[in-house]
Structures are given as structure tokens and as C-alpha cells.
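Subject: Handover of a structure and notes on it

Dear colleague,

I am pleased to hand over the structure below for your consideration. May I ask you to keep it open while you read the notes that come after it?

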Amino acid sequence: MKSENVREIKLRLKPAYDEHRAEFDAAIQGVLNRGQYILGEEVNAFEGEFSNYIGASYGVGVASGTDALILALKACGIKRGDEVITVPFTSVVTVVVIQSCGAKPFFVDVDDSCTIDINKLETFLKFNTSKKIKAILPVHLFGYAVNMEAITCLAKQYGLWVIEDCCQAHGAIFNNRRVGSWGDISAFSFYPTKNLGAFGDAGMVVTSNAQLSEKVRLLRQYGWKTKNISESPGINSRMDEVQAAILWVKLKYLDQDNRRRIRLAEIYHEGVNNTPVIKPGLFTDFRHVYHQYAIRSSCRDDLKEYLATQGISTQIHYPLPIHLQPAYRRKFDSYGGLDMSEKIAGEVLSLPIYPQMPIEEAEAVADVIKLWLSKYF
Ligand SMILES: *Cc1c(COP(=O)(O)O)cnc(C)c1O
């Protein structure tokens, strides 16, 4: 027989259900009993609650974070021939959505925070003469709030839209304001693994601009203001009532859940302090809500393998920056080299983190990393 130390430490989703099972079950039952299953009172209520939580005036529930980004870009009029400034170190979705509007990404490198290098962005804009650049799409990667003060200031100066990708940063705060409330318009994903996750697919566009919100509202359902009368082109990207009811329950616990993520980050942080492993900054003020806790090591692959032998599952977000991926090589322009994105992609490793993760498991992960370090360094 195998010894009893076969543990498995990994991201688990079911504990989030178990924790508030009665509330979820009641919410779902309520929807089933009411008999309206798409775009009803639950969606309406949740749109209000969530946009209010973020600090914006309007929320439009859609089918996914991907759709939220596409509809946000379209509402801003991004189209063929346009270029949108973003980073190559992100989920491929960020580029897919720009392309699906017919536009092209224009890459600016990231800095040590794994988010857009503000200095480079500023220098690029200062000397840019291309009229194709229409928007900046900052990604609050891993839950870290980009310096939105700087971004919105630059955007104003150069007449660009700001479309925030908040899919990994529900509840993150920069200068006392939540991400998603800074830009002209913002996109959130409620994919189950996200800081605010449904039990299925869902997303939301958030904005304080009434015109943009109205445009997204029309786009999400065939351009309908009145049923079966299309005012403009549109698609089907609706949020369903069951997901909205679940998310409404979960929203109450979002700050508490983010606080638990920060607590786990503290344990990891202490664990790898004063070692050759590079850790993300420790922010206890919600500047970072640790959707991922991504460490960096030049021996990343070896560390990942070692952790796996100890029953610890890790992930690599993201193994290749977008400009080096087979589908996108040499397709897009960038401001100079993208060295930092390339370097970071070879070094990052996401440790398991989720609100219900037992503290002892995080301590065990930190101990295993220390053991690995003592063997090799
Ligand atoms: C998850 C994610 C998306 C897409 O959200 P879906 O709901 O999966 O479509 C977009 N951008 C980033 C950075 C994400 O992490």
C-alpha cells in the first residue's frame, strides 16, 4: 500500500459551493420556481449590485468575459484599421477580442509587476504619430491593479479610449477606487476560477457612460430595445438568471474572500522571503487581490516538477507571450522589444490559491519550495 503522505494540493472549486451551500441552493431554487431563466429580475438586480460595488453607474450582464471585452470594444467604435495598445504577456483572450472587432493589438512591454510598463507607454505615446491607435486596454493581470491614474491621464492627453480588462481583478483597488471604475468601460469575467466566479460562464460590462452602456445593452441582444425590433446590429450574449442568482450570493463574500487570498499570499511571501525566488509584491490594501500568486524562478520547470512529485499542482500563466505564439508571430507591431514579457514567461509559476484553501496547505507549499531551494542553491 502507498504511504499516507499522498497529498494533493491544488486549486479546488467545490469548497466555494460547500461553504454557502444552503444559500446557493435556495437562490437556484428561487430562479427555477419563478420560471424566468434569461435576463430577468436576478440579472437586473445583480447588474445594479455589481456596478455599485465597483463604483460605476451601469452594469450589463453578458455571457462571458470574452464577450464583455468584445462588446466594450465595439461600443467604443473600435473597428477594422484601428489599433489598441495592450501587453503581450496576458491571456490570449485579450488579443482575440481586439481581432474580433477587426482591429489589431499594438504591444507595449510589461514591467516587473507583470502589467503594462507605464514609462514605456508614456514614451511611446509622446513620439507616436500613427492615427490608428484608438484605445488602451490595460490588463490587471493576476489581480494586480494597474496604475489607472497614469493610464487615464495619458489617455485623456492623447484622446484614447480606456477599456479595462478586469477579468482577474474583481475588488482590486488603486488609490481608493476599484478597478473597473477608472476606464471609459470595463470587462469582467465570472468564469468559475475567477475571484468572483459563477457555476458556469458569465461576464459583465461596467461603465459610468450612459451612451456606452446603452450600446452594449443593444449589442448583447440583436440590437433590440423592443423585442424583435433591431435598432442596430447585435449578437446573443445574455446572462442567465441562475448564474446571476449565484453571483449575487457570492458578491456578499467577495471582500472577505479576497482578504483570505491576501492572507495566503502573506504565507507564500514569508515562505520565499530572502531566497532567489522572485515573489510578487505583498499588498494588504487590495491593490493586489491575488487571482494568481505567481512566483518567478530561472529554474521554474525544475521547481514545477519538484512540486508535482510532492503532490502540489501548479500552473504556468502564461508560457509564451502572445507575439511568440504560432498564430500571432510577426503579425503585430510593438513599441521596441518585448524582452520583459519574454523573460517573465520563462520564469512564472502560479502556486495554488483560492479563498477556502487551508492555511496549512499554503504553509506546506512554502516548506516544499524551501526544501527545493536548499537542495539546489
Ligand atoms: C478569464 C479572462 C478573460 C476571459 O473571460 P471568459 O469569461 O473566460 O471569457 C479575459 N481576459 C483575462 C485576462 C482573463 O483572465
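The following paragraphs describe the sheet, its crossovers, the pockets and some points of backbone geometry.

Please note at the outset that this is a predicted model.

The sheet

I would suggest starting with the sheet. It is open and consists of seven strands, placed in the order β1-β9-β8-β5-β4-β2-β3. The pairing within the sheet is mixed. Two strands, β1 (58–62) and β3 (104–107), form the edges, and each of them pairs on one side only. On average, neighbouring strands of this sheet are turned by 30° against each other, direction ignored. As general background, strands of a sheet pair through backbone hydrogen bonds, in either a parallel or an antiparallel sense.

At the β1 edge, the partner strand is β9 (residues 203–207), and the two pair in the antiparallel sense over five bridges. Within this pair, G59 stands opposite V206 of β9. Helix α8 (residues 210–220) lies across β1, β5 (161–165), β8 (185–189) and β9. The helix α8 runs at about 15° to β1.

At the β3 edge, the partner is strand β2 (residues 83–86), and here the pairing is parallel, over four bridges. One residue of this region is a useful landmark: E83 stands opposite K104 in β3, and E83 also has I133 as its bridge partner in β4. Strand β4 (residues 133–136) and β2 pair in the parallel sense over three bridges. Continuing along the sheet, β4 and β5 run parallel and are joined by two bridges. There, I136 has V162 in β5 as its bridge partner.

The crossovers

Which way does the chain turn as it passes from β4 through helix α7 to β5? This β-α-β crossover, with α7 spanning residues 148–158, is right-handed. A right-handed β-α-β unit is also made by β2, α5 and β3.

The pockets

Turning to empty space, the largest pocket has a volume of about 590 Å³. It is lined by 33 residues, and those closest to its centre are Y191, T193, K194, H291 and Q292. The elements α4 (65–75), α5 (93–99) and β13 (348–351) each give two or more residues to this lining. Of the elements, α4 gives the most to the lining of the largest pocket, with three residues. The helix α5 thus has a place both in the β-α-β unit with β2 and β3 and in the lining of the largest pocket. By class, the lining of the largest pocket comprises twelve nonpolar, 16 polar and five charged residues.

The second largest pocket holds about 240 Å³ of space. Its lining has 22 residues, and A16, P192, K194, K250 and Q356 lie nearest the centre. You will notice K194 among the residues named for the centre of the largest pocket and again among those named for the second largest pocket. Helix α10 (residues 254–271) gives the most to the lining of the second largest pocket, with three residues. This lining divides into twelve nonpolar, five polar and five charged residues.

Points of backbone geometry

Two places in the loops deserve a look. Where is the cis peptide bond that joins H317 to its partner? It lies between H317 and Y318, with omega of about 5°. Y318 belongs to the loop between α11 (300–309) and α12 (339–345). The other place is C114, a residue other than glycine that has a positive phi, near 70°. C114 is found in the loop between the edge strand β3 and α6 (118–127).

I hope that these notes help you to find your way around the model.

With kind regards

How values were computed:
Residues are numbered from 1 along each chain as its sequence is written. This is a predicted model: local features need pLDDT of at least 70, side-chain atom pairs count only at pLDDT 80 or more; totals for chains, interfaces and linings use all residues. Side-chain values use heavy atoms; hydrogens and water are left out. Two strands pair if DSSP finds at least two bridges between them. Axes are lines fitted to C-alpha atoms, for helices over the stretch in contact, and angles run from 0 to 180 degrees between N-to-C directions. Contact means heavy atoms within 4.5 Å. On a 1 Å grid over the protein atoms alone, a cavity is a set of points where a 1.4 Å probe fits but cannot get out, and a pocket is an open set with protein on both sides within 12 Å along at least five of seven lines; lining residues have an atom within 4 Å of a point. Grid points are joined across faces, edges and corners, and a volume is the space filled by probe spheres set on the points. Ala, Val, Leu, Ile, Met, Phe, Trp, Tyr, Cys and Pro count as nonpolar, Asp, Glu, Lys and Arg as charged, and the others, Gly among them, as polar. A crossover is right-handed if, with the strands pointing away from the viewer, the path from the first strand over the helix to the second runs clockwise.
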